[in-house]
Amino acid sequence: MAEPTCPLTGLQAVDLYFMEQRAKLLDIAAFLDRLDRVGPPSGRSDVRVRALERAIPLLLDGVGSRTRRILELLSDHTSEPIPAAHGQGALGADPATDY
Amino acid sequence: MPYIDPHIHMVSRTTDDYARMAEAGCIAVTEPAFWAGFDRSSPAGFADYFRQLTETEPHRAARYGIAHYCWLCINPKEAEDPGFAREVMALIPEFLDRPNVLGIGEIGLNKNSRNELVILEEQIEIARRHDRLILVHTPHLEDKLKGTRLILAALRNAAVDPGRVLIDHVEEHTIKTVLDAGFWAGMTLYPDSKCTPQRAVDVIECYGRERIWINSAGDWGPSDPLAVPKCHVEMRRRGHGPDLATQISLTNPLTFLSQCPNFRPAALEPGWLSP
């Protein structure tokens, strides 16, 4: 167990945050259900959804530092600058990673 | 409580936002030069933008008792054309001595391209040559980890004093590297990307309260100019004392920004902040 750095007790933290997390969990479930109801092409093969599905097990693997590890999973881990920038946006998951 | 929002793009916000921020306790803002949501067609567009940052916004802010400071640069999203970027960079020195200018920013990387990196290195050199503070934008989402590493390497190669550089938009996967290298770290409170107030307080609980600040980075996209005081509420509801919000949003910004002699908000003169 990590050294406490948050002033709340466990019960206080659950009382304060549970409903918000319940709603977010249901949003993820509803998003995946929605993908079951869309027309082709299936969103399931999209790199962003595959990355999301790879990230979800990290929530329950018992290792800790979940946020950092999920952010790392979603990141580009190459080290060299790309030859040129085409466009300015980002996807939220690394398109070159085989999730 | 009095606070500083050290990264907000007020050119994209309404005067009502200044009023609401003042009512919430904001005494000073610092506004980095950034991407307007479209690529500007000429360097003259940047000259007008720099005038807006150094002339118009300080007057607009002063009407609400808020001190307005700014940072100048060409942002990484418009740095892919080095010729264009160098024409804009040539404009910067004539604005650097204006009284509300703190330094060079927000420079950095966006897609981590070679040209972005070259222009970043040249703007670091401008800051070095003029002995100015640096505010750094780190890339979004999947590009942030790699971009942060490239940026820190460029700063190390330039032998810049890390105590005079703030690396902004850190998240859980980049903050440790930034702090361990001696740089300052900024957390941006965005509704959909970057940090929520809850995560920002988590990060402070995990990595400490030294060399960290929070900002709204309020701009023309989904963002909240009151994100900083809302994060203070998150601190309070967890049971943190007022000293935490004061350090993160007043003492720390004051310590970093006061390295520039231009940073002297009237509200921080003796007597203003005492009850």
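## A sheet and its helices in chain B

Let's start in the middle of things: S4(B) and strand S5 (residues 133–137) of chain B run parallel, and five bridges join them. One matched pair here is Ile107(B), whose bridge partner in S5(B) is Val136(B). To get from one strand to the other, look for helix H5 (residues 114–130) of chain B: S4(B), H5(B) and S5(B) make a right-handed β-α-β unit. Keep in mind that everything here comes from a predicted model.

Now turn to the other neighbour of S4(B). Strand S3 (residues 67–72) of chain B pairs with S4(B) in the parallel sense, over three bridges. In that pairing, Trp71(B) sits opposite Gly103(B) in S4(B). How many residues of S4(B) are buried? Eight of its eight residues are, so to speak, tucked away as buried.

**The whole sheet**

Zooming out, these strands belong to an open sheet of eight strands with parallel pairing, in the order S1-S2-S3-S4-S5-S6-S7-S8 (chain B). Which strands stand at the edges? They are S1 (3–5) and S8 of chain B; each has a single partner strand, so one side of each is left without a neighbour in the sheet. From one strand to the next, the twist averages 25°.

Here are some of the pairings side by side, with one facing pair of residues for two of them.

| Strands (chain B) | Bridges | Facing residues |
|---|---|---|
| S6 (residues 165–168) and S7 | two | Ile167(B) and Ala185(B) |
| S7 (residues 184–188) and S8 | four | Met187(B) and Ile214(B) |

Both of those pairs run parallel, S6(B) with S7(B) and S7(B) with S8(B). Going from S7(B) to S8(B), the chain passes through helix H8 (residues 197–207) of chain B, and this β-α-β crossover is right-handed.

What about the two faces of S8 (residues 212–215) of chain B, covered or not covered? Both are covered: Ile212(B) and Ile214(B) are buried on one side, and Trp213(B) and Asn215(B) are buried on the other. That fits a handy rule: in a regular strand the side chains alternate between the two faces of the sheet.

**Helices around it**

Helix H10 (residues 242–257) of chain B packs on the sheet, where it touches S1, strand S2 (26–32), strand S4 (101–108), S6, S7 and S8 of chain B. The direction of H10(B) makes about 110° with that of S8(B).

H8(B) has a helix partner too. Two packed helices are described by the angle between their axes and the distance between the axes. For H8(B) and helix H9 (residues 227–237) of chain B, the angle is about 60° and the axes are 9 Å apart. That angle is why H8(B) counts as oblique to H9(B). The crossing of H8(B) past H9(B) is right-handed. On the H8(B) side, the residues that meet H9(B) are Pro197(B), Gln198(B), Ala200(B) and Val201(B). Their counterparts in H9(B) are Ala227(B), Lys230(B), Cys231(B), Glu234(B) and Met235(B).

**One residue in a loop**

Finally, have a look at Arg238(B), in the loop between H9 and H10 of chain B. Is Arg238(B) buried or partly exposed? It counts as partly exposed, because it has 19 C-beta neighbours inside 10 Å, and buried starts at 20. Leaving aside neighbours within four places in sequence, Arg238(B) is in contact with Cys6(A), Pro7(A), Leu8(A) and Val201(B). Arg238(B) and Val201(B) are 37 residues apart along the chain, and their C-alpha atoms are separated by 9.2 Å.

Methods:
Residues are numbered from 1 along each chain as its sequence is written. Chains are lettered from A and ligands numbered from 1 in the order in which they are written. This is a predicted model: local features need pLDDT of at least 70, side-chain atom pairs count only at pLDDT 80 or more; totals for chains, interfaces and linings use all residues. A residue is buried if 20 or more other C-beta atoms lie within 10 Å of its own, exposed if 12 or fewer, and partly exposed in between; C-beta atoms are placed from the backbone. Two strands pair if DSSP finds at least two bridges between them. A crossover is right-handed if, with the strands pointing away from the viewer, the path from the first strand over the helix to the second runs clockwise. Axes are lines fitted to C-alpha atoms, for helices over the stretch in contact, and angles run from 0 to 180 degrees between N-to-C directions. Angles under 35 degrees count as roughly parallel, over 145 as roughly antiparallel, 65 to 115 as roughly perpendicular and the rest as oblique. A crossing is left-handed if the near helix is turned anticlockwise from the far one by less than a right angle, and right-handed if clockwise. Two residues are in contact if their C-beta atoms, placed from the backbone, lie within 7 Å.
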